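Work through the exercises below with the sequence and the model open. Each task is followed by its solution.

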Amino acid sequence: MHVLSGMRPTGKLHIGHLIVLENWIKLQNDGNKTFFFVADWHMLTTGYENVSNLSELTTTLVREYLAVGLDPKKSVIFVQSAIKEHAELYLLLSMIVPLGRLERVPTYKEQLRELKGRNISTLGFLGYPVLQAADILMYNADGVPVSEDQAFHLELTREIARRFNSLYGQIFKEPKTLLTPKLLGTDGRKMSKSYGNTINIDTNMKEIEKTVMPMKTDPARKRRTDPGTPEKCNVWNYHLAFETPKEKLDEIHYGCTHATIGCVDCKRVLLGNMKKRLEPIWERIEYFKTHPKDVEDVILEGNKRARNTAQETMKKVKSAMNLVQY
Ligand code: TRP
Ligand code: SF4
């Protein structure tokens with residue numbers, strides 16, 4: 001299966017992204033042909049007014065991809081803006097996408113409302129999902145791992161593929177959405193930097209403790225002797241995300257429902273697991289921080305491989321649309 005996904009370089013990754021990346025890594029290690037990229041042009045659709053650290057954010061994101069476990073030997077890791085073919089396909093697709101369809105994309109209306117302070121009544125922002133469709137269709141992706149909020153974009157991508165195919169012949173596959181469940185923020189709301197309920201990947205145990213220890217637990221556990229229901233507790237979601245062995249999870253579940261462990265103990269176990277998971281990542285982040293050339297080499301090589309595939313696709317697309325090829 002061909003798999004593709006990308007993230008915008010919005011700043012430091014948090015543990016919500018970690019869950020997403022772990023899903024990518026699973027797909028990578030399951031023998032799929034995987035493409036993972038940094039959507040820096042997408043970043044411009046809302047952030048065009050401030051580009052002062054865009055290139056730095058882009059390389060930082062690749063560094064974190066690598067530190068978490070994306071492997072350039074198995075995956076094509078690249079930067080969107082380096083592959084001009086994305087812009088070309090975006091332009092061609094824009095010819096066939098009805099304007100009204102774009103205005104009806106729920107994320108479009110929502111963002112227009114949410115980002116009121118920024119002037120995003122632009123062609124670029126309206127075209128966001130078309131650019132995303134170009135990213136996906138370019139690599140013949142069968143599956144695209146994304147979270148729920150991207151589902152509409154994937155739906156539109158399939159519509160665009162169908163419309164293109166019916167106009168010009170069977171060129172594109174209709175990619176499936178591979179839904180990644182979301183981890184909630186430490187306060188139980190949607191995880192978002194703007195709520196201040198995230199934990200960055202690139203941080204330290206002291207900071208993590210400060211966020212985890214005050215997390216709300218099942219209100220039924222007023223005293224340590226009161227049994228609780230892990231399913232009503234956000235800490236439990238974090239255990240599910242950070243505790244892999246099933247026996248360990250069963251142990252915590254039993255301890256909570258039988259009041260044999262307290263919430264503080266429970267959180268300490270979680271902190272231990274987070275440390276185990278994150279420490280090797282921190283080491284690798286440090287390594288790549290002091291070896292920026294390694295990151296650059298990965299990008300150069302990935303760009304080259306992505307470009308090869310992209311050029312093949314564009315040949316087919318141009319031929320289907322009867323555009324001159326010389
Ligand atoms: N819109 C995606 C997000 O904000 C990023 C993205 C751009 C993407 N192009 C993509 C994701 C193609 C999957 C496939 O997360
Ligand atoms: Fe939540 Fe753990 Fe307390 Fe149970 S013991 S309520 S899972 S923090």
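**Exercise 1.** How much space lies in the second largest pocket?

*Solution.* The model is predicted: local features need pLDDT of at least 70, side-chain atom pairs count only at pLDDT 80 or more, and totals for chains, interfaces and linings use all residues. Residues are numbered from 1 along each chain as its sequence is written, and side-chain values use heavy atoms, with hydrogens and water left out. The second largest pocket holds about 280 Å³. A pocket here is an open set of points on a 1 Å grid where a 1.4 Å probe fits, with protein on both sides within 12 Å along at least five of seven lines; the volume is the space filled by probe spheres set on the points.

**Exercise 2.** Locate the lining of this pocket and say why it lies between two domains.

*Solution.* Step one: lining residues (an atom within 4 Å of a point) include I19, K26, P181, L184, N237 and A241. Step two: helix 1 (15–29) and helix 11 (234–242) each supply at least two of them, and the largest share, four residues, comes from helix 1. Step three: domain 1 (2–184 + 292–320) and domain 2 (203–284) both contribute to the lining, so the pocket lies between them.

**Exercise 3.** Which residues touch the most other members of the largest nonpolar core?

*Solution.* They are I15, Y65, I208 and M274, out of 50 residues. Such a core is a set of buried (under 20% relative accessible area, 1.4 Å probe, protein chains only) Ala, Val, Leu, Ile, Met, Phe, Trp, Tyr and Cys residues joined through side-chain atoms within 4.5 Å. Helix 13 (residues 263–290) gives the most to this core, nine residues.

Key: Chains lettered and ligands numbered in written order. Helix = DSSP H or I, 4+ residues; strand = E, 2+ residues; numbered from the N terminus. Domains from an automatic or database assignment.
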